[in-house]
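Welcome! Take a moment to look over the structure, and then we can talk through how some of its features get their names.

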Amino acid sequence: MTKVPIRQTAPQVNTGTFFPPPISKVEDTGLSPLWLQDLVLKIMYFQGYLTGFKIAEEIALPFTAVVDQILEALKREKLVEVRSSQMGLGEGAYLFAITSAGIAHAREALERSQYAGPAPVPINVYNDAIRRQSRGRVQVTNRVMRQVLSNLVLPEKAFQRLGPAVNSGTSMFIFGPPGNGKTSLARAIGNLVLSQSMYIPYAIYVDGQVIKVFDTVNHQLATDEDTPPTGTGALRAGTRRDPRWVRIKRPFIVTGGELTLAGLDLVFDDTLKYYEAPFQVKANGGILLIDDFGRQQVRPRDLLNRWIVPLENRIDYLSLHTGRKIEVPFDVLVMFSTNLPPKDLVDEAFLRRLRHKVEVGDPSYEDYREIFRRVAATKGVQYNDQGLAYLLQEWYIKRNRKLRASHPRDLCDQIIDIARYMGLEPTMSRELIDRAAESYFVEL
């Protein structure tokens, strides 16, 4: 693919309309005061003495008009008591302790659920927030795609199919032989999505059950200057938004051979007695990459059948252990990446629902040369066309070997390793090429 200078152009984004409104009273949380009291008691049971401000930080609710009312109710019931106070700093600086009656009450609450973290948001509030933020998707043009993928060498046919697939925000099936950059391509698109941010809650509340959504493995905190303040100071001063929500970069979540059918539904912990959100819920508003599709522990068709309704209707249905089904938005760009033949994995009905299919084939000789030149420059290997011509003739054409986009990187690494051992400069000499190819390629 011929490279032309690209002027830096930012992707167009329609900013979502959701912003977590401030909390000014207990009713604004959408949660029962008794449930919030249990949450406070569980946190105090685990952590011991806490100030009012610290309790507010732990449950992610403002102290004034919310946590102070909860603590007043607990004091009246003699479930907590004030152990010390610092004059002039207000009730938020009082040090609270749980009483013996409070400990008994906390243990009863822990029998129902051991969740003791930020207060959740009701399921209907979460659903509305995701739908309102779906309009914040990145809208890319040909110029933007060339800029984002400038570090990759792709066949023009594959390149032209990627932009419309990203803009669709629905699903994408990337297939082709191994080693041609399908995962790198998916991650490059993920970096485009990560340039934008959104709000998600720490957890969701439904029918007395808690579903944990935010986790530090799959979500990255946004560092935007307009991110409202959080933490004790913000809670003490009266935050500008509901602190139960966290601003993150739009998620890019990767799952591979470990994916199971159970992992696509709510995961209930029998010991902790609360739920972990499945991959597609954590990926709402962003991208879910199913890498090495077809190599999971379950049959590909079983996994695909699980995706038919969400991909068609943009709604997913999850099951509580009580038997109730809950509805959540499915605002996910799903990317299936596989090096297995599509005919062995999917049928016509499912392919119809995968609107965009992108084949990433073997590079041409010209593309292979460009990849090798770039990799050699990056790794400090002295490149020359004569060495490449020798490599292609002796190790590809004569042996009827397929070109792969990953070979230049791996062969350069081999050359570097061998050159260091021999005390030579890493170059594309015939000797180093032969040694590298002999130790890298396996005749099948």
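Q: How many residues does the protein chain have, and what share of them is buried?
A: The protein chain has 444 residues, and buried residues make up 50% of them. Please keep in mind that this is a predicted model. Its secondary structure comes to 16 helices and 19 strands, and the C-alpha trace spans about 85 × 55 × 40 Å along its principal axes.

Q: Why is S337 called buried?
A: Buried means under 20% relative accessible area. S337 has 2% relative accessibility, so it counts as buried.

Q: Where does S337 lie, and what is it in contact with?
A: S337 is part of strand β18, which covers residues 333–338. Leaving aside neighbours within four places in sequence, S337 is in contact with I174, K182, L289, I290, D291, D292 and F293.

Q: What makes a group of residues a nonpolar core?
A: Its members are buried residues of certain kinds, such as Leu, Val and Met, joined through side-chain atoms within 4.5 Å. The largest nonpolar core here has 33 residues, and those with the most contacts inside it are L36, V40, M44, V67, L71 and L74. Its elements supplying at least two residues each are α1 (33–47), α2 (52–59), α3 (63–76), β4 (95–98) and β9 (203–206). The largest share, seven residues, comes from α1.

Q: What does V40 touch?
A: Not counting residues up to four places away in sequence, V40 touches I55, I59, I70, L71 and L74.

Q: Which domains does the chain have, and how do you know that the largest core draws on two of them?
A: The domain assignment gives domain 1 (26–116), domain 2 (122–223 + 241–359) and domain 3 (365–440). The largest core draws at least three residues from each of domain 1 and domain 2. The C-alpha centres of domain 1 and domain 2 lie 37 Å apart, and their contact takes 13 residues from domain 1 and 12 residues from domain 2.

Q: What is the volume of the largest pocket, and which residues lie nearest its centre?
A: About 560 Å³ of space lies in the largest pocket. Its lining has 24 residues, of which L152, G181, S184, A405 and R409 lie nearest the centre. The elements giving two or more residues to this lining are α8 (182–194), β18 and α13 (365–379). By kind, the lining divides into eight nonpolar, 11 polar and five charged residues.

Q: How do you know where the largest pocket lies relative to the domains?
A: Domain 2 and domain 3 both give residues to its lining, so the largest pocket lies between them.

Q: What makes a space a cavity instead of a pocket?
A: In a cavity a 1.4 Å probe fits but cannot get out, whereas a pocket is open. A search of the whole structure finds three cavities of 30 Å³ or more. The second largest cavity has a volume of about 40 Å³, and V153, L154, P155, N180, V360, G361, P363 and A405 line it.

Q: How does the lining of the second largest cavity divide into nonpolar, polar and charged residues?
A: There are six nonpolar residues, two polar and no charged. Pro counts as nonpolar and Gly as polar, so P155 and P363 fall among the nonpolar residues, and G361 among the polar.

Definitions and conventions
Residues are numbered from 1 along each chain as its sequence is written. This is a predicted model: local features need pLDDT of at least 70, side-chain atom pairs count only at pLDDT 80 or more; totals for chains, interfaces and linings use all residues. Side-chain values use heavy atoms; hydrogens and water are left out. Buried means under 20% relative accessible area, exposed over 50%, partly exposed in between (1.4 Å probe, protein chains only). Helices (H or I, at least four residues) and strands (E, at least two) are DSSP runs, numbered from the N terminus. Domain bounds come from an automatic or database domain assignment. Contact means heavy atoms within 4.5 Å. On a 1 Å grid over the protein atoms alone, a cavity is a set of points where a 1.4 Å probe fits but cannot get out, and a pocket is an open set with protein on both sides within 12 Å along at least five of seven lines; lining residues have an atom within 4 Å of a point. Grid points are joined across faces, edges and corners, and a volume is the space filled by probe spheres set on the points.
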